[in-house]
Amino acid sequence: MSLINEKDLEQLTNVKDTTCVSIFIPTQRAGKEVLEEKNKTHLKSLWKEVATKLKEKAVPESKIEKIGEPIKALLNEKSFWRHQSDGLAIFAAEDFFEKYTLPVNFDAHTYISEEFYIKPLVPMFNEDSRFYVLALQLEDVALYEATRYSIGKVVVDDLVPSKLEERVGFDYKQKHLDFKTQNSGGENTIFHGHGGTSDEVRKEEINKYFRAIDKGLETVLNSESVSLVVATQDYLFPIYEKVNTYKHLIKTVIPGNPSDSDMLGLHEKAVQVLEPELEKIKKERIKKFNELNNTDTTGASVTDILPAIQQGKVDSLFLENRSEIWGTYNSDNMNVTIDDAQKEGNYSLMNWGAREVLKQGGHVFLIPEAQMPDKNSKMNALYRF
């Protein structure tokens, strides 16, 4: 399931209106907060604040009503509020409305301008690491392709039950269901024989089943070099690991029965396992900036960085995540004006920079103040040339 993609981002950045409203709230997936509808209450409160600001800006009441109509409708969708992730992003204009439930811990924030505020979304696009998740059970198997912020099931013909049964040579599903029922020790299961079948024969049947799965995966993974992480019970992983032929198998398993989680829950656990790998690109870019700092290939001045962005020179843009730079940029003469605060007519220069760099296929990273490569500036850049 793709949570938000490049086409969505392009759509958001192409919307131009005199009044574009962006709202971000942190949300909870489950628990007391969901039961008490705190997520919904939070959005209702923020929309009330936005509506007040719009009135202060002399936006016509009819336009405010039109912008707020889908937000008010969303507040009444009970099923929507029962299925949240870590953050909710809403983008509304007079003739536009989009919402995204995302695994990003947003700070509560509202933004009113002639464009949408996409800076909080950049973590969704600054990693290009893909990976696969293999949900492995004795009675079922599924393969998923994922990134840090998306997951989707991969249909593999050679992994469907009928094909696996042909390869293994017996009714693998029923026999393994029988085996699972009679050996219900979960992750501490020992291979006890039953019905005259020895431990060694039973284990060899599972080996054969796993070898068939490994063979089936070749059709997808034969030309890949991305990570494969397995979700299965602990006692099964060593058996699969021995028959696996894919070179990029992650040795850390997602423990437990995959059927105990839905696809998004499985994705969340996989990201936790692969966190060091998914941070690799950011760490490499920061290291390169530090090695080249104070040379022509790095920048720490907003007045230098924005023209470089316009010229397509920026490979990686580093933005202090809890800060903002207000002002305007004139692309005709490449002149940057910086203001002390938000006011009528100016906008977020960080948002402008993030939007343009992402359009050009560059990397944008939101960085805590203490981890900024050059801490003397809220905006750093690593140039392509």
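Two strands count as paired where DSSP finds at least two bridges between them. With that in hand, welcome to these close-ups of a predicted model.

**View A. Strands S2 and S3 form a hairpin with two residues between them.** Strand S2 covers residues 87-93, and strand S3 covers residues 96-102. Their pairing is antiparallel and runs over seven bridges. To find your bearings, look for alanine 93, which stands opposite phenylalanine 96 in S3. S2 is mostly covered, with seven of its seven residues buried. Follow the side chains along S2: Gly87, Ala89, Phe91 and Ala93 point one way, whereas Leu88, Ile90 and Ala92 point the other way, and all of them are buried.

**View B. Four strands, in the order S3-S2-S1-S4, make an open antiparallel sheet.** S3 and strand S4 (109-113) are the edge strands, each pairing on one side only. From one strand to the next, the twist averages 10°. Strand S1 (residues 20-26) is joined to S2 by six bridges in the antiparallel sense, and valine 21 has alanine 92 of S2 as its bridge partner. S1 also pairs with S4, again in the antiparallel sense, over five bridges. Here phenylalanine 24 is matched with histidine 109 of S4.

**View C. Helices H1 and H4 lie across strands of the sheet.** Helix H1 (residues 6-14) lies across S2 and S3 and runs at about 140° to S3. Helix H4 (residues 61-75) lies across S1, S2 and S3, at about 150° to S2.

**View D. Helices H3 and H4 pack with their axes 11 Å apart.** Helix H3 spans residues 38-56, and the angle between H3 and H4 is about 180°. Angles over 145 degrees count as roughly antiparallel, so H3 is roughly antiparallel to H4. On the H3 side, the contact is made by Lys40, Leu43, Lys44, Trp47, Ala51, Leu54 and Lys55. H4 brings Glu61, Ile64, Ile67, Gly68, Ile71, Lys72, Leu74 and Leu75 to the contact.

**View E. The structure holds 14 aromatic pairs.** What is the arrangement of the rings of phenylalanine 80 and tryptophan 81? Their centres are 5.0 Å apart and their planes stand at 85°, so this pair is edge-to-face. Both phenylalanine 80 and tryptophan 81 are buried. Tyrosine 209 and phenylalanine 210 form a tilted pair, 5.6 Å centre to centre with 35° between the planes. Tyrosine 209 and phenylalanine 210 are likewise both buried. Elsewhere, ring pairs link Phe24, Phe91, Phe96, Tyr100, Phe106, Tyr111, Phe116, Tyr117 and Trp326 into a cluster. Readers coming from View A will recognise Phe91, one of the buried residues of S2.

**View F. The largest nonpolar core has 47 residues.** Which of its residues touch the most other members? They are Phe91, Leu102, Leu121, Leu306, Leu317 and Met379. Helix H13 (residues 349-359) supplies the largest share of this core, six residues. Apart from this core lies another, of 27 residues, including Val156, Ile206, Val230 and Leu249. For a closer look at one member of the 47-residue core, turn to methionine 379. Beyond its neighbours within four places in sequence, methionine 379 is in contact with Gly299, Ala300, Val302, Ile305, Leu306, Leu317, Phe318, Leu319, Ile325, Leu349, Met350 and Met372. Leu306 and Leu317, in this list of contacts, also appear among the residues that touch the most other core members.

**View G. A hairpin joins strand S6 to strand S7 through two residues.** S6 (residues 141-147) and S7 run antiparallel and are joined by five bridges. Leucine 143 stands opposite valine 154 in S7. S7 (residues 150-154) is mostly covered, as four of its five residues are buried.

**View H. Histidine 267 sits in helix H10 (residues 263-278).** Is histidine 267 buried or exposed? Its relative accessible area is 5%, and buried means under 20%, so histidine 267 is buried. Leaving aside its neighbours within four places in sequence, histidine 267 is in contact with Phe131, Ala146, Thr147, Arg148, Tyr149, Ser150 and Ile151. This view ties in nicely with the one before: the residue ranges of S6 and S7 take in several of these contacts, among them Thr147 and Ser150.

Technical notes
Residues are numbered from 1 along each chain as its sequence is written. This is a predicted model: local features need pLDDT of at least 70, side-chain atom pairs count only at pLDDT 80 or more; totals for chains, interfaces and linings use all residues. Side-chain values use heavy atoms; hydrogens and water are left out. Rings of Phe, Tyr and Trp (its six-membered ring) pair if their centres lie within 6.5 Å; planes under 30 degrees apart count as stacked, over 60 as edge-to-face and the rest as tilted. Buried means under 20% relative accessible area, exposed over 50%, partly exposed in between (1.4 Å probe, protein chains only). A nonpolar core is a set of buried Ala, Val, Leu, Ile, Met, Phe, Trp, Tyr and Cys residues joined through side-chain atoms within 4.5 Å. Contact means heavy atoms within 4.5 Å. Axes are lines fitted to C-alpha atoms, for helices over the stretch in contact, and angles run from 0 to 180 degrees between N-to-C directions. Angles under 35 degrees count as roughly parallel, over 145 as roughly antiparallel, 65 to 115 as roughly perpendicular and the rest as oblique.
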